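Subject: Structure handover

Hello,

Here is the structure I said I would pass on. Please look it over before reading the notes underneath.

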Amino acid sequence: MADMQDPRQGRLRKAPESFLDRAAIAAVMQEARNGRRGFIRGAFAAAAAGLAAPAPARQAPAPGAAADPNIVNLPEHTRGLGRPVVTDGYGKPSRYEANLQRRQSPGLTQTTQASVSFAPLQSLFGIVTPSGLHFERHHQGWWDIDPSKHRLMINGLVRTPQVFTVDDLMRLPSHSRFHFLECGANTGMEWGNVAVPTVQYTHGMISCSEFTGVPLITLLEMAGADFSRGKFLLAEGADGSSMTRTIPMSLVRSGEVMVAWGQNGEMLRPENGYPLRLVVPGVQGVSWVKYLRRIEVGDMPYGTKDEVLHYVDLMPDGLHRQYTSLQECKSVVTTPSGGQVLLDKGFYSISGLAWSGRGKVKRVDVSVDGGRHWRQARLQPPVLDKCLTRFSIDWVWDGRPAIVQSRATDDTGHVQPTYRQLRAVRGSRSIYHNNAIQSWLIKEDGEVSNVQLA
């Protein structure tokens with residue numbers, strides 16, 4: 001491990017949680033309605049520039065210094081009674097963490113009901129995303145559905161169509177597993193060039209949870225599904241968009257796909273599909289149908305609206321590619337990342353997240369010189385299948401400019417590409433499935449900003 005004699009070395013100023021003020025957000029939203037994408041990109045660039053001026057560092061008193069009032073004066077909380085037990089029946093974070101929020105990216109969508117929020121990756125630890133910070137993506141807003149009235153139907157190529165209540169499902173043998181959930185459009189705004197300043201907005205459409213539910217294969221067997229003819233499923237949600245997606249039976253037969261009601265030890269949050277959602281590990285989030293109400297077994301792909309008009313890949317020759325749901329091998333450094341400021345020369349722990357829809361993360365390499373040289377990072381256990389993996393590496397910053405990158409490799413041998421490699425295959429005008437290597441530039445004054453290398 002690098003020199004850690006003084007733990008105060010390598011102080012970091014956090015990135016701002018929001019990079020546009022209320023007036024700027026209103027202006028961007030109006031320009032989005034007018035279709036002025038250039039204005040939006042300019043607003044983001046201006047906001048990113050506004051992050052560039054480091055505030056004066058707040059100097060913490062040296063430990064043990066007589067002048068430190070935090071040591072010599074007993075604070076109120078050591079001299080009196082605290083709040084009573086069960087002040088809040090359902091606990092909530094400290095008021096000092098109130099600014100830690102999932103946030104919208106202004107201008108990305110023109111209605112708040114068909115929008116997305118981003119998880120604050122820069123401020124999270126480990127691999128689990130708190131349920132209240134899990135990113136959201138809605139196509140027609142979210143609902144808090146009465147579970148006593150919600151039903152799940154299994155029909156199509158089955159011997160006996162079945163209808164389950166939520167209680168019916170929760171009485172069946174369940175299992176719990178950790179998996180990442182990533183929107184297919186995560187990092188999509190960066191296809192052409194740098195668009196947003198912080199990791200919350202470049203990569204925040206990903207989260208990771210422990211999901212609890214019943215394997216879908218169990219329900220299909222109860223209904224007597226025809227597994228010889230039934231090659232695909234149609235999963236249908238109960239929200240106003242009637243989100244429907246084709247799921248290959250091959251994924252279901254692996255036993256990984258589940259009908260979930262639990263998330264991180266509690267019931268699903270309404271924003272994430274309460275009371276039931278489909279869990280399809282390794283596949284883009286749109287296929288994890290929320291408010292799940294029907295599964296139909298069929299013999300061919302269904303070609304629904306969100307499979308032929310949306311969630312398709314625009315290729316360099318102008319054609320669209322369909323049914324590319326797999327989330328490829330990907331990683332990102334979250335510390336240091338855009339908007340943060342390194343306040344001192346010295347030791348830092350570079351940390352980030354890696355994942356692959358194909359399996360486990362096998363290796364992550366980190367570069368501090370824009371990809372000229374790489375060092376293998378530590379993988380923090382647990383390292384799980386189709387799950388986020390936390391990595392870190394020691395680094396002593398000498399005060400000179402640096403470009404920090406991470407590059408993941410999964411256990412199938414897939415290696416995360418550079419932007420040059422990805423664009424050679426996919427072009428530069430797509431939206432979905434951008435898994436290119438992310439670059440963060442650290443300037444001499446310690447400011448960290450989003451850049452792309454040619």
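The notes below cover the core, a pocket, the cavities and two single residues.

This is a predicted model, in which local features need pLDDT of at least 70 and side-chain atom pairs count only at pLDDT 80 or more, while totals for chains, interfaces and linings use all residues. Residues are numbered from 1 along each chain as its sequence is written, and side-chain values use heavy atoms, with hydrogens and water left out.

Core. The largest nonpolar core holds 82 residues, and L169, L216, L219, L220 and V259 have the most contacts inside it. (A nonpolar core is a set of buried Ala, Val, Leu, Ile, Met, Phe, Trp, Tyr and Cys residues joined through side-chain atoms within 4.5 Å; buried means under 20% relative accessible area, exposed over 50%, and partly exposed in between, with a 1.4 Å probe and protein chains only.) Domain 2 (136–321) and domain 3 (330–451) each contribute at least three residues to this core; the domain bounds come from an automatic or database domain assignment. Leaving aside neighbours within four places in sequence, the contacts of V259 (heavy atoms within 4.5 Å) include L152, L169, L216, L219 and R277.

Pocket. The second largest pocket has a volume of about 540 Å³. (On a 1 Å grid over the protein atoms alone, a pocket is an open set of points with protein on both sides within 12 Å along at least five of seven lines, a cavity is a set where a 1.4 Å probe fits but cannot get out, and lining residues have an atom within 4 Å of a point; points are joined across faces, edges and corners, and a volume is the space filled by probe spheres set on them.) This pocket is lined by 22 residues, with K14, Q122, S123, L124 and F125 nearest its centre.

Cavities. There are four cavities of 30 Å³ or more. The largest cavity has about 230 Å³ of space. Its lining has 20 residues, and R137, R277, G285, V286 and K290 are the closest to its centre.

Single residues. K330 counts as buried because its relative accessibility is 2%. Leaving aside neighbours within four places in sequence, K330 is in contact with residues including E182, H203, W355 and N434. V194 is partly exposed, at a relative accessible area of 27%. The C-alpha atoms of V194 and Q452 are separated by 6.5 Å, although these residues are 258 residues apart along the chain.

Regards
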